[in-house]
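Biologist: Please examine one part of this model closely and set out its contacts and surroundings in a connected account. Kindly state the cut-offs behind each term as it arises.

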Amino acid sequence: ILAADESGGLRALLNSAPSGGKGPCHLVVDKTGNSLVVANYGSGATAALPIKDDGSLGQPASTIQHRGTSVNPKRQDGPHAHSVNLSPDNRFAIVADLGLDKVLVYRLDAAKVIITPNEPPFAPVKPGSGPRHFTFHPSGKFAYVINEMGNSVTAFSYDAQAGVLKEIQHIGTLPAGFTGSSYCAEVLAHPSGKFLYGSNRGHDSITVFAIDPERGTLSVVEHASVLGKWPRNFNIDPTGSYLFAANQNSDNITVFRIDRETGKLKPSGTNIEIGAPVCVKFVAVK
């Protein structure tokens, strides 16, 4: 854990703590600032750690080891928790497990730093899909998981009271006729709730989907080139005006303007050169 100064710059190492498993790859802080929940890809475990008053971390207070396999013996011979997101009301932690082809749902007690399996404990996706990252629709009524291995997105309806996901659609991210190798990475809903974006590593594009406001289902708008290679991650600025694509294998971040009517992406002309970018985050600076 690193402390930041008033300008947002990093100034000091506070501490480090075990992640509750092997190969931690994704984490989230709950809205109260009391709990950190982490997904461990290597061992396939999810853990919750307490955040102390000074921002440092305590030892894992709650750890759940995932169990099982799926249909791909090379990638799915065991659990691989790839991401964790919190529900809008901060009551549930949603974990996409690539190795199990499941989106697991845990109840979160942020005050006690405890996660427990929900009932039902997961929503399945198509075997061999490899769910990677997850996002809620701004309305809270729908949610989406992008499937790394299946080059697809699974759309769900979401029961906020019960924390239950129910599949409503499974749709591909690649254009018809594409025969190369490609792997999905990031997925985000636009703040307006009108569009969904997903990245394709190999095809090197962002797939733009329109979202049906009543049903939450998706339809493809375009496949926009990222003007780089291997878009591992991207982010949308808080105003919803720009998309920043982090192209890991071409050492650049490309910036696109977002058409608020169609969702389409137009290159802004800004290209940021940076070594192997894998994540873009926006930080509020006081």
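Modeller: The account below begins with a single histidine and then turns to the nonpolar core, a sheet and the cysteines.

The model is predicted, so local features need pLDDT of at least 70 and side-chain atom pairs count only at pLDDT 80 or more, whereas totals for chains, interfaces and linings use all residues. Residues are numbered from 1 along each chain as its sequence is written, and side-chain values use heavy atoms, with hydrogens and water left out.

H80 lies in the loop that separates β6 (62-65) from β7 (81-86); strands are DSSP runs of E of at least two residues, numbered from the N terminus. H80 is buried, with 14% relative accessibility (buried is under 20% relative accessible area, exposed over 50%, partly exposed in between, with a 1.4 Å probe and protein chains only). Its side chain comes to 2.9 Å from the backbone oxygen of Y41. Contact here means heavy atoms within 4.5 Å. With neighbours within four places in sequence set aside, the contacts of H80 are Y41, G42, G44, R75, A96, D97, L98 and G99.

The strand β7 also appears in the largest nonpolar core, to which β4 (35-40), β7, β8 (92-97) and β9 (102-109) each supply at least two residues. Such a core is a set of buried Ala, Val, Leu, Ile, Met, Phe, Trp, Tyr and Cys residues joined through side-chain atoms within 4.5 Å. This one has 16 residues, and V37, V84, A93, V95, Y106, L108 and I115 have the most contacts inside it. Of these, A93 touches V37, V84, N85, L86, L104, V105 and Y106, residues up to four places away in sequence not being counted.

Elsewhere, an open antiparallel sheet of four strands follows the order β15-β16-β17-β18, where pairing requires at least two DSSP bridges between two strands. At its edges are β15 (183-189) and β18 (218-225), each paired on one side only. Strand β17 (residues 205-211) is joined to β18 by seven bridges, and I211 is opposite L218 of β18.

Finally, there are zero disulfides, a disulfide being a pair of cysteine sulfur atoms within 2.5 Å. For C25, the nearest cysteine sulfur is that of C279, 12 Å away. C25 is partly exposed at 37% relative accessible area, and C279 is partly exposed at 45%.

Note on methods. Polar contact = N/O pair within 3.5 Å; in protein donor to acceptor, adjacent residues only side chain to side chain.
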